[in-house]
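Reader: I am new to this structure and would like to know how its labels are earned. Could you take me through them?

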Amino acid sequence: MQCNLAGGFSRPMTQPPPLPPPHPPWWQWINWLALDAVAVALAWLPVFAAMTGARLTPINYTVLGAAVWIVYLLDRLLDGSSGQGTAARHAFARRRALWLLPLMAAVALSALWAALHHLRGVTLHAGVNLAGAVLLYFAIVGATRWKPLRQLLLLLLGLALTALLVSTGLALALLPDDFSGPSPFLIWQALAAAALLTLLFRKPAQPAPARPWILLKKAFGGYLFALGVALAPFAHLQDWDGLLRGTPVLLFAATCAANSLGIRLWEDPQHPQVRSLAPLYPWLLAALAAAAAFSLPQADAWSRPLLGGVAACALGFAALHALRHRFPPGAATLAADGWMVAVALILQHLAPTPPH
């Protein structure tokens, strides 16, 4: 207690405000500026090129890197401004919006000019369609913030992803096989479809907002990311069916979704949906690694490195998940993306001579 001039006593003085936190380590800026996502995309692009035999030019890397950077920062700006994103990267994007938005506009215009003048017409046309799908993603994410639409969109998106898996499995089942028994491709896609339907229609033990919206959002986002990375290589072959529902693309999409989901689990462990998904995450990674392993026997020589990379990524994510409490804040996020980049760099040296 302290004595005042009137002879009475007053409450103790409040504690001085805490000192501002020290400057963040340099590596956090890589994640805050979404450079790790760009690195993942650019590292896996030549892996898909080796698988398809596509000959890439610098413009393919430039346009992909710019597109990934803009989409990721825009997503963070929207989440940060609406209060949906609570991670440090969302706060950074919100605070730096005044200079990020003009920079993003300049990069977008430059990438658009480069794409219009230097990309192959078939690649440009496919890119425009993918841009429309990305806009749909943002529209769905924005609409889910309105409660009357949230459950309907959750159901429709889950059914769309399930239909993608089922249609792919049926198409593969109708192909002539030179062996007896069900195709491993069909097995893992049927199991994934059943898991999605179970999550959608089971009676939840938690209230409606805790339904698996995060899981479906990550799955949709991972699928779009995979399409963006594989777009130019598959446009080289004009193999649109392989791009949209080929096993390598779908498994890489699942890898990207697992990476993004793991980052969300590590950053916000107290979120209701996160608490419900955290026990399932190791099983999801085990299923992803098993699906890649089951697909290896039937894959051709050019697809096998990518499938092995998917399994390696899943095992790496499992190790990071087990050791997540030993990492400083934000380090596990960068480690997950760094692991994907490292795996891709290894695969680039393991790829056989591409087909012609």
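Author: Gladly. This is a predicted model. Start with two rings: both W44 and F252 are buried.

Reader: What makes W44 and F252 a tilted pair?

Author: Two values decide it. The ring centres are 4.8 Å apart, and pairing needs centres within 6.5 Å. The planes meet at 40°. Under 30 degrees would be stacked and over 60 edge-to-face. The angle of 40° falls in neither range, so the pair is tilted.

Reader: Where do W44 and F252 sit along the chain?

Author: W44 is in helix α2 (residues 35-52), and F252 is in helix α11. They are 208 residues apart, so this pair links distant parts of the chain.

Reader: Why is the pair of Y72 and F225 called edge-to-face?

Author: The angle between their planes is 80°. Edge-to-face asks for over 60. The centres are 6.1 Å apart, and the limit for a pair is 6.5 Å. Y72 lies in helix α3 and F225 in helix α9, so the pair ties together parts 153 residues apart in sequence.

Reader: Are Y72 and F225 buried or exposed?

Author: They get separate labels. F225 has 11% relative accessibility. Buried means under 20%, so F225 counts as buried. Y72 has a relative accessible area of 32%, which puts it between 20% and 50%, so it is partly exposed.

Reader: How many aromatic pairs are there, and which residues do ring pairs link into a cluster?

Author: The count is nine aromatic pairs. The cluster holds W44, F48, F234 and F252.

Reader: Which residues have the most contacts inside the largest nonpolar core?

Author: They are W44, F48 and F252, in a core of 84 residues. Helix α9 (residues 213-237) gives the largest share of this core, 14 residues. A second, separate core has five residues, among them I59, V63, A114 and L119.

Reader: What does W44 touch beyond its neighbours in sequence?

Author: Its contacts include V229, F252, L306, G309, C313 and M340.

Reader: C313 is a cysteine. How do you know that C313 is in no disulfide?

Author: Look at the sulfur atoms. The closest cysteine sulfur to that of C256 is in C313, at 8.3 Å. A disulfide needs sulfurs within 2.5 Å, so 8.3 Å is too far for a bond. The nearest cysteine sulfur to C313 is likewise that of C256. A search of the whole structure finds zero disulfides.

Reader: Why are C256 and C313 called buried?

Author: The cut-off is under 20%. C256 has 9% relative accessibility, so it counts as buried. C313 has a relative accessible area of 0%, so it is buried too.

Reader: What surrounds C313?

Author: C313 is found in helix α14 (residues 304-322). Leaving out residues up to four places away in sequence, it touches W44, T255, W339, M340 and V343. The C-alpha atoms of C313 and T255 are 7.1 Å apart, although 58 residues separate them along the chain.

Reader: What makes E267 and R89 a salt bridge?

Author: Their closest N and O atoms are 2.3 Å apart. The limit is 4 Å, so the pair qualifies. E267 is in helix α11 (residues 247-267) and R89 in helix α4 (residues 88-95), 178 residues apart. R89 has 11% relative accessibility and counts as buried. E267, at 30%, counts as partly exposed.

Reader: How many salt bridges are there by this rule?

Author: The count is two. R245 forms one with D241, with the closest N and O atoms 2.7 Å apart. Both lie in helix α10 (residues 240-245), four residues apart, about one turn of the helix.

Reader: How do you know that D75 has no salt bridge?

Author: The nearest side chain of opposite charge is K217, 4.5 Å away. A salt bridge must be within 4 Å, so K217 does not qualify. D75 is buried all the same. It lies in helix α3 (residues 58-82). D75 touches Y137, F138 and K217, not counting residues up to four places away in sequence.

Conventions. Residues numbered from 1 in each chain as written. Predicted model: local features only at pLDDT ≥ 70, side-chain atom pairs only at ≥ 80, totals over all residues. Heavy atoms only, no water. Core = buried A, V, L, I, M, F, W, Y, C linked by side-chain atoms within 4.5 Å. Buried < 20%, exposed > 50% of the residue type's maximum accessible area, 1.4 Å probe, protein only. Helix = DSSP H or I, 4+ residues; strand = E, 2+ residues; numbered from the N terminus. Contact = heavy atoms within 4.5 Å. Lys, Arg positive; Asp, Glu negative; His and termini not counted. Phe/Tyr/Trp six-rings, centres within 6.5 Å; stacked < 30°, edge-to-face > 60°.
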